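Colleague: I want to test the labels on this one. Please set each value against its cut-off.

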Amino acid sequence: MLPGFKLSLGYTLFYLCLIVLIPLSAVFWKASSLTWAQFIHTVTSPPAFAAYRLTFGASFCAAVVNAFFGLLVAWVLVRYNFFGKKLIDAIVDLPFALPTAVAGITLAAIYSEHGWIGMWLKPLGIKVAFTQLGVFVALTFIGLPFVVRTVQPVLEDLDPEIEEASASLGANRWQTFWRVILPTVRPALLTGFALAFARALGEYGSVVFISSNIPMHGQIVPLLIMSELEQFHYGEATALAVVMLLISFVLLLTINLLQWWSSRFQNQE
Amino acid sequence: MQTVATLAPARGHTLRRRSTSEPAWVRWLLISVALGFLTLFLVLPLISVFVQGFAKGYEFYLKTLADPLAVSAIKLTFIAAGISVPLNGVFGVAAAWAITKFDFRGKNVLLTLIDLPFSISPVISGLVFVLVFGAQGWLGLYLNSDHPALPWLAQWLNDHDIKIIFAVPGIVLATIFVTFPFVARELIPLMQAQGRVEEEAARVLGATGWQTFWRVTLPNIKWGLIYGVILCNARAMGEFGAVSVVSGHIRGETNTIPLHVEILYNEYNFTGAFAVASILALLALVTLGLKSWVEYKNASLADQ
C-alpha cells in the first residue's frame, strides 16, 4: 500500500473546490435570484435565438469540415511518407498553441478584402471577414487539431492484416476503406468531431475579431454574454451562461460515452 | 523450379502492397489536398502575423514592443503565468498520484470534474469570478458595506483593501481557472500506464513515501510533467476571453499581452497589434518545438 492517499486526494478536492466548483456555483446562485419568467424571457429573446443559431450552425459546419479534413490529414500523416512530414505533424497543433486573439486578428487580415485570401475571393463575390462565413472560418481553425489527434493513434494501431484479409476476399481498395477501415475509425472520428464542436461552441477570442459582431446577425453566444456584462446586465449574462453550461455538460457526458465506446472497440480487436 | 521459387515472393510482395495501399496518383492527390488545406488554414495565418508585424520595418516593431504599456502587459502576463503554472503543476501531480495510485469510489466523477474548465467557454470562466467578487457578486455584495453577515473573506479583503475584479488578482484567478486541467490531464494517463509496481517495490525496499516519489515516480513522469507544464504555460500566456472579462482593460495596470493586442487593433494600429501578436506567435512556435522535442525524448525512452 502506497502512502499519501489522504494528503493527495485531500489537496486535490480542496483545490478543485476552491478554484472550480465554488466559483462555478456562483453562476447557479446568481441564476436562482432570477425569477423563472425573467430567465425564460432572457434565454428565448430574439437576439439570444439569433446567437444560438449562429453559434450552433457555424460550430456544426466547422466540426463537419474538420471531421473530413482531419481524417484526411491523419490518414496522410500515418500512411504516406513525404518531405517535411515531421514539420507538418508538429504544426497541426498550432491552434492549440496560438493564442485565440492572435488567430482572430490574423484570420481577419487574411480574409479581408485586401488580404492574401480575401482578394481572390472578392471577384467571386464571396466575403468572409466580418460575415457569418468568417465565424465559420475561425471555428474551423481552432477545432482543426481535435479530429487529427483522436483519429491518428487509431489509424496507427490498425492491424494491416485485416486490410489484407479484406483484399484477399475480393474487396477493392475503396470497399476496404469504406467497410473495414472507416467502421474501426468511426468512434474516434465521432469523438474528435464532438470535441471540435464543443470547443467551437465556447470560442470567443478568435471569433470576436473576424465577425461583424452586429446583434441579431454576427453575435455568437459568448459575445452576447460579454455585451450583457459590459452593460452590467449580470442577470441576463448569467441566464445565458447557465444555458451554455448545461449544453457543455451534456456534450461532456456525450464525449465521455463516445470515448468509452471507442476504447471498447479497440479492446475487442 | 528455381525461377518459380524466386518469383513467388516478389509477386506476393507487390500483390500485398497493392492490396493495402493506394495507386500513386491517389496518394499524391490525398497528400496535396491535405497539405493545401493545412497551408491555407495554418501556415498562411502564421506567416501573416510576422509579415504584418514587420510591415513598417524593424524600428517601428522595436518601438511598439519597447512601449511602456507593452512592457507592463508583458510583465503582467509573466506574473499570471508564473503563479498559475506552478500551482496547477502541483495540483496536477497530487491529483494524478491520488487517482492512479489508489482505488476509490467516484474516481470517474472526479476525472470529469477536473476536465470541467476545458468544456466551459472562456467568457463564462471569467464571468464566474465577476459573480463571486464583482460589485453585484456573492462576496462583492458584502464588500465596502457594513452588512452584519459579512463573511470572513470579504472582511479580510476589506481590511486589506484588496481588489479582485478589474485588478491583477482577478486576472491571476481567471488564468488559474482556464489552465486548471492541463498538467493533471497529461500525467493521469501516463501514470495509469506505468502502474504501481515500481513504487511498491521501493516501499518494500524501505524507502519512505517522499523518497519513493522523488527517486522513483518523478524521474518516470519527468517528460510528461514538462509536456503538461509547456501546454499549461502556453494557454496561461495566451488566454484572452476569461482575462478580458475580469480585466477592466486598465492600461499599464490590468492589460496582458493578448489584451494589449486587442487594444492596439481596435485603435486601428494594425501593425502595432501584429507586432505584439508576433511575440505570442513566437511563443506558440517555441511551444510546438518543445512539444515535439519532448515527444521525441519520450519515444526514445520507450524504445530503450
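Colleague: Why is A:Phe232 called exposed or buried, whichever it is?

Modeller: Count the C-beta neighbours. A residue is buried with 20 or more other C-beta atoms within 10 Å of its own, exposed with 12 or fewer, and partly exposed in between, with C-beta atoms placed from the backbone. A:Phe232 has 12 inside 10 Å, so A:Phe232 counts as exposed. A:Phe232 sits in the loop between H12 and helix H13 (234–268) of chain A. Its phi is near 60°, a positive value in a residue other than glycine.

Colleague: What kind of model is this, and how is it labelled?

Modeller: This is a predicted model, in which local features need pLDDT of at least 70, side-chain atom pairs count only at pLDDT 80 or more, and totals for chains, interfaces and linings use all residues. Residues are numbered from 1 along each chain as its sequence is written, while chains are lettered from A and ligands numbered from 1 in the order in which they are written.

Colleague: What makes A:Asn213 exposed, partly exposed or buried?

Modeller: The count again. A:Asn213 has 18 C-beta neighbours inside 10 Å, so A:Asn213 counts as partly exposed. A:Asn213 too has a positive phi, about 60°, although it is not a glycine. Its place is the loop between helix H11 (205–210) and helix H12 (221–230) of chain A.

Colleague: And B:Leu76: how do you know whether it is buried or exposed?

Modeller: B:Leu76 has 23 C-beta neighbours inside 10 Å, so B:Leu76 counts as buried. B:Leu76 lies in helix H4 of chain B. Leaving out residues up to four places away in sequence, B:Leu76 touches B:Val168, B:Ile171, B:Asn255 and B:Thr256. Contact here takes two C-beta atoms, placed from the backbone, within 7 Å. The C-alpha atoms of B:Leu76 and B:Val51 are separated by 26 Å, with their positions 25 residues apart along the chain.

Colleague: How many helices and strands does each chain have?

Modeller: Chain A has 13 helices and zero strands. Chain B has 14 helices and zero strands. These are DSSP runs numbered from the N terminus: H or I over at least four residues for a helix, E over at least two for a strand. Of the 269 residues of chain A, 47% count as buried. For the 304 residues of chain B, the share is 43%.

Colleague: What is the angle between H4 and H11 of chain B, and what is the handedness?

Modeller: Helix H4 (residues 68–101) and helix H11 (residues 209–238) of chain B pack at about 145°, with their axes 9 Å apart. Axes are lines fitted to C-alpha atoms over the stretch in contact, and angles run from 0 to 180 degrees between N-to-C directions. The crossing of H4(B) and H11(B) is right-handed. A crossing is left-handed if the near helix is turned anticlockwise from the far one by less than a right angle, and right-handed if clockwise. By class, this contact has seven nonpolar, seven polar and no charged residues. Nonpolar means Ala, Val, Leu, Ile, Met, Phe, Trp, Tyr, Cys and Pro; charged means Asp, Glu, Lys and Arg; the others, Gly among them, are polar.

Colleague: Which residues of chain A touch chain B, by class?

Modeller: That side of chain A divides into 54 nonpolar, eleven polar and five charged residues. In total, 70 residues of chain A are in contact with 75 residues of chain B. Helix H1 (residues 5–32) of chain A gives the most to this side, 15 residues.

Colleague: What makes a set of residues a nonpolar core?

Modeller: The members are buried Ala, Val, Leu, Ile, Met, Phe, Trp, Tyr and Cys residues, joined through C-beta atoms within 7 Å. The largest has 165 residues, of which A:Ile105 and B:Leu127 touch the most other members. Helix H3 (residues 46–79) of chain A supplies the largest share, 16 residues. At least three residues come from each of domain 1 (20–53) and domain 2 (57–303) of chain B. Apart from neighbours within four places in sequence, B:Leu127 contacts A:Val27, A:Ile225, A:Leu229, A:Ala237, A:Ala241 and B:Val245.

Colleague: How are domain bounds set, and how far apart are the two centres in chain B?

Modeller: Domain bounds come from an automatic or database domain assignment. The C-alpha centres of domain 1 and domain 2 of chain B lie 32 Å apart. Their contact takes five residues from domain 1 and eight from domain 2 of chain B. The domain 1 side has three nonpolar, two polar and no charged residues.
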